[in-house]
Amino acid sequence: MVFDARYLTKKLFSFGDQNEATSGLKILGFFLVIIGALLICFNI
């Protein structure tokens, strides 16, 4: 599932460079997905 993080950056943050904030949130989400997949695979 692909989520557009621009909506969250507009709603939660109020700094000028939204592209940088959007890419930061997408990277954070990617790491959360990897950690969640590892937890599911190894049944921790």
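A helix, as the word is used here, is a DSSP run of H or I with at least four residues, and helices are numbered from the N terminus. With that in mind, please note that the structure on display is a predicted model.

**The whole chain**

Begin by displaying the entire chain. Two helices and zero strands are present. Of the 44 residues in the chain, 9% are buried. Next, switch on the surface. The accessible surface amounts to about 4000 Å², and 70% of that belongs to carbon and sulfur atoms.

**Helix 2 and Ser23**

Select residues 18–42, which make up helix 2. Within this selection, pick Ser23, whose place is in helix 2. Ser23 counts as partly exposed, because its relative accessibility of 35% falls between the limits of 20% and 50%. Now add Arg6 to the selection. Ser23 and Arg6 are 17 residues apart in sequence, and their C-alpha atoms are 9.1 Å apart in space.

**Ala21**

Move next to Ala21, which is also found in helix 2. Is Ala21 buried or exposed? Ala21 is buried: its relative accessible area is 12%, and the word applies because the value is under 20%. Select Thr9 as well and display the distance between the C-alpha atoms. Ala21 and Thr9 are separated by twelve residues in sequence and by 6.6 Å in space, C-alpha to C-alpha.

**The aromatic pair**

The model contains one aromatic pair. Select Phe30 and Phe31 to see this pair, whose ring centres are 6.2 Å apart and whose planes meet at 55°. The pair is described as tilted because 55° is neither under 30 degrees nor over 60.

Compare the accessibility of each partner in turn. Phe30 is exposed, since its relative accessible area of 53% is over 50%. Phe31, which lies in helix 2, counts as partly exposed at 48% relative accessibility.

**The nonpolar patch**

Keep Phe30 and Phe31 selected, and add Ile27, Ile34, Leu38 and Phe42. Which feature do these six residues form on the surface? Ile27, Phe30, Phe31, Ile34, Leu38 and Phe42 form a nonpolar patch, and together they have about 640 Å² of accessible area. Colour the patch on the surface to end the tour; the two rings of the tilted pair, Phe30 and Phe31, belong to residues of this patch.

Terms used:
Residues are numbered from 1 along each chain as its sequence is written. This is a predicted model: local features need pLDDT of at least 70, side-chain atom pairs count only at pLDDT 80 or more; totals for chains, interfaces and linings use all residues. Side-chain values use heavy atoms; hydrogens and water are left out. Rings of Phe, Tyr and Trp (its six-membered ring) pair if their centres lie within 6.5 Å; planes under 30 degrees apart count as stacked, over 60 as edge-to-face and the rest as tilted. Buried means under 20% relative accessible area, exposed over 50%, partly exposed in between (1.4 Å probe, protein chains only). Accessible areas come from the Shrake-Rupley method with a 1.4 Å probe; for residues, only the protein chains shown count as cover. Patches are made of residues with over 30% relative accessible area and no salt bridge: like charges are joined within 9 Å, nonpolar side chains (Val, Leu, Ile, Met, Phe, Trp, Tyr) within 5 Å. A salt bridge is a side-chain nitrogen of Lys or Arg within 4 Å of a carboxyl oxygen of Asp or Glu.
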